[in-house]
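Work through the exercises below with the model open. Each one sets a task and then solves it step by step.

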Amino acid sequence: MQLEILGNTQTITDQNGKLLIKTPQMEVRIMVYGPTIIRICVSKNFDEVDSSFAVIQKSLAELQYKETADTIEVTTLALKLIINKTPFRFNFYTADGQALSEDDERFGVNWQGERVINYRKLVTDEKFIGLGEKYGNLNRRGSSYVNWNTDASEHTITTDPLYKTFPFFIGLHSGLTYGLFFDNTHKSYFDFGATTGGQMSWFGADGGDMNYYFFGAQGVRNILADYTWLTGRMEMPPLWSLGYQQCRWSYMSAKEVLAIAAKFRERNIPADVIYCDIDYMDGFKIFTWNKKTFPDPKGMIDELKTISFRLVTIVDPGIKIEKGYKQYDEGVANNYFAAYPNGELYTAEVWPGQCHFPDFLNAEVREWWGKAFTALTEPGVDGFWNDMNEPAAWGQNIPWLVKFGEHFMPEIRNVYGMQMARATYNGAKKLLNNKRPFVLTRAAYSGTQRYSAVWTGDNSATDEHMLFGQRLVNSLGLTGMSFTGVDIGGFMGNLTPELMVRWNSLGVYTPLFRNHSAKGMEYREPWRWGTKNEAIIKKDIELRYQLLPYIYSGFYQSHQSGLPLSRTLAIDYTFDENVFDEKYQNQFLFGDSLLVAPVISPAKTADVYLPAGDWYRLSSDKKFRGGQVINVPSPLTNLPVFVKAGGIIHMQNVVQSTNEQGDGLLMLHTWNGSEANEFVYYEDDGLTYDYENGAFYKRTIRFDPRKREITLSAVEGSYLSKYSTIQLHLHGFGRGVKAVREFANNRKQISIAF
Ligand code: MIG
């Protein structure tokens, strides 16, 4: 195999902001997307059209560069890209010349056959975070990874690859931050100094171009804002999808679904969602219902609605080969399925038996798929769960010569699931008449946040998996995915009541709060664990509902700026070494003000690292100084959760579902601190897209310890809050300060002295 390096520069041209550099072997395109974002694309043969599944922005029409004898320098307000001409290398600096990331001087970018690789210099103190759903530590230094979407059933906490591909990481060194998004859908590889004796890091792919976006913003938050500007942000989720979700493979009949839902109401355990896994279908045929066990889907869903439950149903990509089955007939007639190069349709076995696989890369197929959801939306299904879309088939490995339109399988495998989620989301959105669909997908690629929430697939019912799951959620948050979750309780295996209670209490602080288990496992509903445990589980679920106003406002941040709801401490405490300590690396901020320390179920006490600042335990208001490790009690009734001093958290009284109007009381909790703080409270109807036309209620809450004042700004937006009264609760303000004040919710600025 021949090693091809980037030869010497032959010509440089500026084409409306695109800098084209030709060498005898390759062509390089440099584009600027903003002061902190520069794209480099090196190719041996550029496609006519520059297309991406992830990126939704265009490059700027102008670019500043100058040429010297040895270099080409591209500058923006914030960045300097210095390209060495011989040998050809790409090096990035801040505007004032500090090195952010440089090519390895010896190897840089090169090709080995079809494979394209970039070798980069490692800085001594360099750390890496990101890549989304990947095993290992928060700091990825010393690890290597493969992106190849895989149905990783029965995975362990060291399995790689898993289900999703997010070829985006953030580098941290010398007090500086940068990000790199390798937008290449082929099987790809990332090595953060694992196999090079600490000499260099490298990434590459089996095919395609060396196409990457370099982010030079300072601060992880700013990099996330840039990355999600480039690849999109989530819409506001339906409020009901933030409630408690009960799943099972499977509730086998309409009767069982209704009985389970009714039990929540009988026992006054709040919940919003119940699921139908694959057994609701007729022979696992997508978009059908089993006539015997689900004879009247609409009747069942209507009944669920009367007790304020929503239904989410699963769909898989595999379409059963069966004449007379609508999706099969139409798919064959229109050539909508993946095929071998000789035109024969590709066949593989999944749940329904022999199947064909829709070509979700084709817009017409996506449209067709989207329309088929009438079979689900007509009876009243509100949420659409996309499974098996790696794509999975028995035997895993789909032959490489299978074609999806013009693309061979290896080129598109990593985006197949995302395109299925896209088709599902667009289809459901059209059918739901201005209501927001909830879509949940297992396979994903960068940009999936625009269409869908994700869960981390088939985990196991162990403490180890619970902690691992938290790392996955935190890491997914570093790649634009805010609406994420794990199977709470673990998919495979049975667990102790203690672990169920603990995991559920962590679920309160998981963006997607969904309890799920595999066929054959013991049932997992809250009442299966004895009276005492049920009471704890219930109380925790109630806490989730109390926190919903805060959580919803947290999702508004994701929608606005790409900041995830579950945030590894590396986002705000980037250069604090303790954050990366294996003992504390699972800790995270849930929204702006809560710090959560996941704890295994047997532990009666926990060591918690509190970063700089003052903190209060949520359950007791006991105050702690930050910048130290503390040991605190962690009984099953009380997960270690802390509020940041100055924290602002909106809560409501318990409701049994988000469908309940509630008592109209919004409780605004503030914890005393020496520094000023601000929080944007956000509310809308939680259901429709009217917020896009101004139908929201938004106000900034300011805590100002110097002025001794809490201010609620005047309301922005036209929506009427569902809360008629606001109650201010002051924590840690000492004697003499009235702890609770109450006032009618009005739209003017409100200032309260303390
Ligand atoms: O081959 O639909 O990850 O959540 O319950 C297993 C049955 C297929 C895998 C999913 C899991 C789901 C299960 N599915």
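**Exercise 1. Describe the polar surroundings of the ligand.**

Solution. Start with Arg442: an N or O atom of its side chain is 2.9 Å from an oxygen atom of the ligand. A polar contact here is a pair of N or O atoms within 3.5 Å; within protein, one must be able to donate a hydrogen and the other to accept it, and residues adjacent in sequence count only if both atoms are side-chain atoms. The model is predicted: local features need pLDDT of at least 70, side-chain atom pairs count only at pLDDT 80 or more, and totals for chains, interfaces and linings use all residues. Residues are numbered from 1 along each chain as its sequence is written, and side-chain values use heavy atoms, with hydrogens and water left out.

Next, take His516. One of its polar side-chain atoms lies 2.9 Å from an oxygen atom of the ligand. Then turn to a nitrogen atom of the ligand: an N or O atom in the side chain of Asp387 is 2.7 Å from it.

Finally, widen the view. There are 13 residues around the ligand, and Asp277, Asp387, Arg442, Asp458 and His516 come nearest. A residue is near a molecule if one of its heavy atoms lies within 4 Å of it.

**Exercise 2. Place Lys164 and list what holds its side chain: is Lys164 buried or exposed?**

Solution. Locate the residue first. Lys164 belongs to strand S15 (residues 164-165). Strands (E, at least two residues) and helices (H or I, at least four) are DSSP runs, numbered from the N terminus.

Check accessibility. Lys164 is buried, because its relative accessibility is 1%. Buried means under 20% relative accessible area, exposed over 50%, partly exposed in between (1.4 Å probe, protein chains only).

Now find the polar partners. The side chains of Lys164 and Glu133 form a polar contact of 2.4 Å. A polar atom of the Lys164 side chain also lies 2.6 Å from the backbone oxygen of Trp455.

Add the other neighbours. Beyond four places in sequence, Lys164 touches residues including Asn147, Thr441, Arg442 and Leu476. Contact means heavy atoms within 4.5 Å. Across 250 residues of sequence, the C-alpha atoms of Lys164 and Asn414 are 7.3 Å apart.

**Exercise 3. Characterise the largest cavity, then follow Ser452 out of its lining.**

Solution. Begin with the method. Rolling a probe the size of a water molecule over the atoms shows where empty space is left. On a 1 Å grid over the protein atoms alone, a cavity is a set of points where a 1.4 Å probe fits but cannot get out; a pocket is an open set with protein on both sides within 12 Å along at least five of seven lines; lining residues have an atom within 4 Å of a point. Grid points are joined across faces, edges and corners, and a volume is the space filled by probe spheres set on the points.

Count and size come next. The structure holds five cavities of 30 Å³ or more. The largest has about 170 Å³ of space. Its lining has 17 residues, with Glu235, Pro237, Pro437, Tyr451 and Ser452 closest to the centre.

Sort the lining. Twelve residues are nonpolar, two polar and three charged. Ala, Val, Leu, Ile, Met, Phe, Trp, Tyr, Cys and Pro count as nonpolar, Asp, Glu, Lys and Arg as charged, and the others, Gly among them, as polar.

Then follow Ser452. It sits in the loop between strand S31 (444-445) and strand S32 (453-455). Ser452 is buried, since its relative accessible area is 8%. A polar atom of its side chain lies 3.0 Å from the backbone oxygen of Val439. Its contacts beyond four places in sequence are Ala421, Val439, Leu440, Thr441 and Met481.

**Exercise 4. Describe the largest pocket.**

Solution. Take the volume: about 890 Å³. Name the centre: of 30 lining residues, Asp47, Ser51, Gly208, Asp209 and Glu411 lie nearest. Assign elements: strand S4 (27-34), strand S5 (37-43) and helix H7 (409-431) each supply at least two lining residues. Sort by class: eight nonpolar, eleven polar and eleven charged.
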